[in-house]
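Work through the exercises below with the sequence and the model side by side. Try each task before reading its solution.

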Amino acid sequence: MKRSKSWGIIILIFICCFMNGCKQNGGNEETNSVDYENVIKLKAITIGKEPKEGMDELYKQLDALTIPELNCTLRFEFIPWGDEKKQINIAVNSGEYDFIPGGVFSDYQSLTVRNAFIDLNQYLDIVPDLVNHYLQKGENALKNYEINGGLYGIPQLGFSGLYTDITEGFFYREDLRKEWGLEPVTDLETMEAYLYRAKQDERYADEALITDNRIWTGLWSMIAGDNYIEISTILENPFFVVSVENPYVPVSRMETPEFKEVLRYIKKWYDDGIIDPNLLVYSDNEGSLGLELMKKDRKPCETNAPIWSCNKNFIPKLYETNPDWEFGFFSYMIDKEAVYATTGEGGSVISIPSKSEHPDTAIRLLEKVHTDSRYYNLLVYGVEGIHYNTKDNALNYDGIKETNRYPGWTAASDDYMQFSLEAPNKVWTEQVYDPMIEKGDRLAKEVPYCPIDRFSFDLSSVDSILNKMNEVKEKYFQPLLCGNTDNIDVDLNDAISKLNDAGINIYMERIEQALQEYKNTLK
């Protein structure tokens with residue numbers, strides 16, 4: 001009995017102390033004022049590989065911010081690079097998500113004109129800090145991303161004027177180029193020389209050097225980049241371009257002599273073992289595969305690599321295991337005569353789908369991301385000590401497992417908010433990356449604006465034709481684009497005939513009408 005009474009007194013004291021502590025804790029008073037049952041649950045799509053560890057801690061820290069300040073939570077669904085376009089379209093149609101990333105890697109323009117996203121102009125008055133933040137880039141920093149007068153995404157924000165057309169290129173081992181006695185890679189001829197010399201090296205003799213099925217887009221840039229302008233992006237609209245001489249009349253890309261030359265290079269490289277024979281079954285973005293093969297020294301180069309991805313992803317990871325390697329980069333478009341500036345920065349945006357039930361809360365969260373370092377660091381870098389470290393206020397990944405590298409919320413990056421990045425290699429930074437960025441900045445100020453800048457079109461009335469054209473592309477053109485053909489002329493003519501059967505001429509007429517209407521608005 002004595003023991004039982006003692007335990008009762010102890011428990012009573014504990015309860016009293018706990019209750020007294022709750023009353024004295026001012027932080028709890030604020031937290032307890034939140035109606036947890038009515039907390040808004042936001043969901044976002046982001047692209048990349050989910051970290052193996054630390055997401056529970058990230059959500060815990062994020063909830064501690066978003067619940068009391070915005071009455072919401074945020075959870076991500078990670079989709080892989082390589083299947084992003086298909087998965088984004090599925091996510092938009094599902095109506096389950098409040099944030100969708102978009103840009104050159106998605107069908108952003110076509111989704112926009114189909115009313116998939118909310119015009120965020122109507123919500124800007126409730127996020128004045130967000131608007132003021134973008135004014136640092138200029139008074140038209142947000143307006144430049146409008147399509148038909150509507151702002152359908154909050155763009156990632158960068159200092160650089162480097163625009164998308166000139167960021168993609170050929171990333172390669174510079175130390176091997178020197179070892180092999182080759183000329184610097186500055187054009188298609190010297191790039192091809194590098195590929196064939198690499199194939200003679202016993203290390204790569206049995207390996208495919210091109211594992212990205214977008215190689216045809218890089219070849220198009222090198223072969224046809226001075227003659228044509230993309231109507232939107234080459235992946236979103238592979239069927240049509242306009243000529244530099246007459247930018248308001250669409251041209252069937254597949255019927256140009258330059259396209260046939262692209263196919264000849266692909267067929268040649270396929271036959272000579274430069275291109276992976278399994279390229280046809282790969283997804284549309286195999287950058288992660290290329291990086292893994294380079295890390296294992298199974299190939300010395302990667303095609304269709306954006307300079308920013310090389311700097312952020314390839315260089316740090318390659319130098320971890322191979323500190324003596326040197327790297328070079330050849331931009332497919334930066335030295336072309338027909339390079340144009342655009343009012344939009346050519347980057348990516350985060351959109352709020354029309355089916356979102358909480359657009360006001362969603363845009364307030366985007367405001368926090370771009371103006372509050374507590375949110376930005378969590379959502380772009382992850383949890384310090386698990387996903388990243390800092391050293392002298394610079395981003396540092398020393399001691400961080402590669403499986404824990406957090407890819408960041410796609411399209412949320414903001415140069416005005418970020419940590420400085422500790423250069424993984426001074427030679428790369430000083431001799432390759434910085435000069436490329438400086439040249440891009442200079443060109444962005446010097447070259448003329450694209451004559452069809454801001455052009456967009458609503459062709460929803462011919463969606464059924466586009467669906468048939470895409471089926472033809474997958475069945476008849478994709479094998480050609482991967483080198484799987486015994487006779488280019490016969491197979492190309494057959495593919496073009498199938499496009500005609502699908503109604504491409506009707507589709508082209510609608511685009512030409514839209515281009516002419518756009519031209520008239522410029523007068």
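The exercises go from the whole chain to single elements, each with a worked solution.

This is a predicted model: local features need pLDDT of at least 70, side-chain atom pairs count only at pLDDT 80 or more, and totals for chains, interfaces and linings use all residues. Residues are numbered from 1 along each chain as its sequence is written, and side-chain values use heavy atoms, with hydrogens and water left out.

**Exercise 1. The whole chain**

Task: Count the helices and strands in the chain, and find what share of its residues is buried.

Solution:
- Start with the elements. The chain has 18 helices and 14 strands. These are DSSP runs (helices: H or I, at least four residues; strands: E, at least two), numbered from the N terminus.
- Turn to burial. Of the 523 residues in the chain, 53% are buried. Buried means under 20% relative accessible area, exposed over 50%, partly exposed in between (1.4 Å probe, protein chains only).
- Finish with contacts (heavy atoms within 4.5 Å). Among those between residues at least 6 apart in sequence, 78% join residues at least 24 apart.

**Exercise 2. Two helices that cross**

Task: Describe how helix 3 and helix 13 cross, and list the residues that meet.

Solution:
- Two packed helices are described by the angle between their axes and the distance between the axes.
- Take both values. Helix 3 (residues 55-70) and helix 13 (residues 359-371) have axes that come within 12 Å and cross at roughly 125°. Axes are lines fitted to C-alpha atoms, for helices over the stretch in contact, and angles run from 0 to 180 degrees between N-to-C directions.
- Classify the angle. Helix 3 and helix 13 are therefore oblique to each other. The classes are roughly parallel under 35 degrees, roughly antiparallel over 145, roughly perpendicular from 65 to 115, and oblique for the rest.
- List the contact. Helix 3 brings Thr66, Glu69 and Leu70; helix 13 brings Thr361, Arg364, Leu365 and Lys368.
- Sort by class. The contact of helix 3 with helix 13 has two nonpolar, two polar and three charged residues. Here Ala, Val, Leu, Ile, Met, Phe, Trp, Tyr, Cys and Pro count as nonpolar, Asp, Glu, Lys and Arg as charged, and the others, Gly among them, as polar.

**Exercise 3. A sheet and its helices**

Task: Give the strand order of the sheet that holds strand 5, strand 9 and strand 10, then place helix 9 on the sheet.

Solution:
- Read the order. This open sheet of three strands runs 9-5-10, with antiparallel pairing. Strands pair if DSSP finds at least two bridges between them.
- Find the edges. Strand 9 (301-306) and strand 10 (327-331) each have a single partner strand, so one side of each is left without a neighbour in the sheet.
- Add the twist. It averages 25° from one strand to the next.
- Check one pair. Strand 5 (residues 168-173) and strand 10 are antiparallel over five bridges. Tyrosine 172 stands opposite glycine 328 in strand 10.
- Place helix 9. It packs on the sheet and touches strand 5, strand 9 and strand 10; its direction makes about 75° with that of strand 9.
- Test the burial of helix 9. Ten of the ten residues of helix 9 (residues 215-224) are buried, so it is largely enclosed by the rest of the structure. Among them are Trp216, Trp220 and Met222.
- Add helix 15. Helix 15 (residues 426-446) lies across strand 5 and strand 10, at about 15° to strand 10.

**Exercise 4. Strand 7 and its partners**

Task: Which strands are joined to strand 7 by bridges, and is each face of strand 7 covered or open?

Solution:
- Take strand 6 (residues 228-230). Three bridges join it to strand 7, antiparallel. Tyrosine 228 has serine 243 as its bridge partner.
- Take strand 8 (residues 250-252). Strand 7 and strand 8 are also antiparallel, with three bridges. Phenylalanine 240 has serine 252 as its bridge partner.
- Note the link. Strand 7 and strand 8 form a hairpin with six residues between them.
- Check the faces. In a regular strand the side chains alternate between the two faces of the sheet. In strand 7 (residues 240-243), both faces are covered: Phe240 and Val242 are buried on one side, Val241 and Ser243 on the other.

**Exercise 5. Leucine 522**

Task: Where is leucine 522 found, and which residues is leucine 522 in contact with, leaving aside its neighbours within four places in sequence?

Solution:
- Locate leucine 522. It is in the segment after helix 18 (504-521).
- Grade its exposure. Leucine 522 is partly exposed, with a relative accessible area of 47%.
- Name the contacts. Beyond neighbours within four places in sequence, leucine 522 is in contact with Tyr248 and Pro451.
- Compare the separations. Leucine 522 and proline 451 are 71 residues apart in sequence and 9.7 Å apart in space, C-alpha to C-alpha.
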